[in-house]
Amino acid sequence: MCPPAYFAVTYSINPWMDPAKPVDLPLAVAQWESLRDTYRALGHTVEELVPDPELPDMVYAANGALVVDGRVLGARFAHPERAREAAVHRDWYRERGFTEVREPEHVNEGEGDFAVTASWLLAGRGFRSSPLSHPEAQEFFGRPVVGLDLVDPRFYHLDTALCVLDDTRDDAVMYYPGAFSPGSRAVLARLFPDAITAGEEDARAFGLNAVSDGRHVLLPQEAVGLFGPLRERGYEPVGVDLGELLKGGGSVKCCTAELRG
Ligand SMILES: CN(C)C(=N)NCCC[C@H](N)C(=O)O
């Protein structure tokens, strides 16, 4: 995770960002710290990246890379405003002893557009990551990639529309069908017949931008419609308030890069 010490909305690269709407920075920091402390209270280790004053979107750490089995596919950002973040992440992994760190050829925004299930890498395209990043990831990780077309600009990254609930025992996900093309919706229905499907209101509250450890699911507290279906499937929803971070177009998952292996 990366503390939002310099978080601000000074440009607009997604429909949620409005530079005219002020950000309450102390509140953003408090909300972020509460998320970090919740992870720690649940027994997870949290590492912190050092924020850069010139990179206001760095708080969305999930965009910096995809890590699977200890192999790191770095990011290449679609917008110049975020381009310099990619090297910060790659350097962090190298300094931490990760030896397989790849600087990608094609645009990919890390876990923003890649989700890891037990069987596949799900990969979003349409707004940010290049379709060419999909075969690049498949080759690098040796895992089958399932490409999914995003069609609603409000849900510009895969992780704004789909959350993996369990990536070990089975392929459990929740998603918002309206974010995907008809063909991709059919693929999701075929791969995940038992998925939780979210309505538009919970999707707009960024309820799919959640993090699951296989038991607890941390998600925006406003996504109330997802709490019941999660409990029915044996998960424990943990609502968090990240209202200030939503002004940049991200929530729980965007703030959390997962280190797998
Ligand atoms: C899933 N993740 C990581 C995200 N959706 N990231 C949020 C990025 C927000 C940033 N202002 C941007 O537009 O790039």
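**Rings, cores and a ligand site**

Mentor: In this predicted model, the charged end of Arg71 sits over the ring of Phe140, 4.3 Å from its centre. Local features need pLDDT of at least 70, side-chain atom pairs count only at pLDDT 80 or more, and totals for chains, interfaces and linings use all residues. Residues are numbered from 1 along each chain as its sequence is written, and side-chain values use heavy atoms, with hydrogens and water left out.

Trainee: What makes the charged end of Arg71 count as sitting over the ring of Phe140?

Mentor: The term requires NZ of Lys or CZ of Arg within 6 Å of the ring centre and within 35 degrees of the ring normal. For Arg71 the distance to the centre is 4.3 Å, so the distance condition is met.

Trainee: Why is the pair of Trp92 and Tyr93 called edge-to-face?

Mentor: Rings of Phe, Tyr and Trp (its six-membered ring) pair if their centres lie within 6.5 Å; planes under 30 degrees apart count as stacked, over 60 as edge-to-face and the rest as tilted. The centres of Trp92 and Tyr93 are 5.1 Å apart and the planes stand at 90 degrees, so the pair is edge-to-face. Trp92 and Tyr93 form one aromatic cluster with Phe98.

Trainee: How do you know whether Trp92 is buried or exposed?

Mentor: Buried means under 20% relative accessible area, exposed over 50%, partly exposed in between (1.4 Å probe, protein chains only). Trp92 has 14% relative accessibility, so Trp92 counts as buried. Tyr93, at 4%, counts as buried too.

Trainee: How many aromatic pairs does the structure hold?

Mentor: There are 8. One of them joins Phe7 and Tyr60, edge-to-face, with 6.0 Å centre to centre and 85 degrees between the planes. Phe7 lies in the segment before α1 (25-41) and Tyr60 in the loop between α1 and β1 (65-68), so the pair ties together parts 53 residues apart in sequence. Helices (H or I, at least four residues) and strands (E, at least two) are DSSP runs, numbered from the N terminus. Both Phe7 and Tyr60 are buried.

Trainee: What makes Asn14 a polar contact of the ligand?

Mentor: A polar contact is a pair of N or O atoms within 3.5 Å; within protein, one must be able to donate a hydrogen and the other to accept it, and residues adjacent in sequence count only if both atoms are side-chain atoms. A polar side-chain atom of Asn14 lies 2.8 Å from an oxygen atom of the ligand, so the pair falls within the limit. For Asp159, a polar side-chain atom is 3.0 Å from a nitrogen atom of the ligand.
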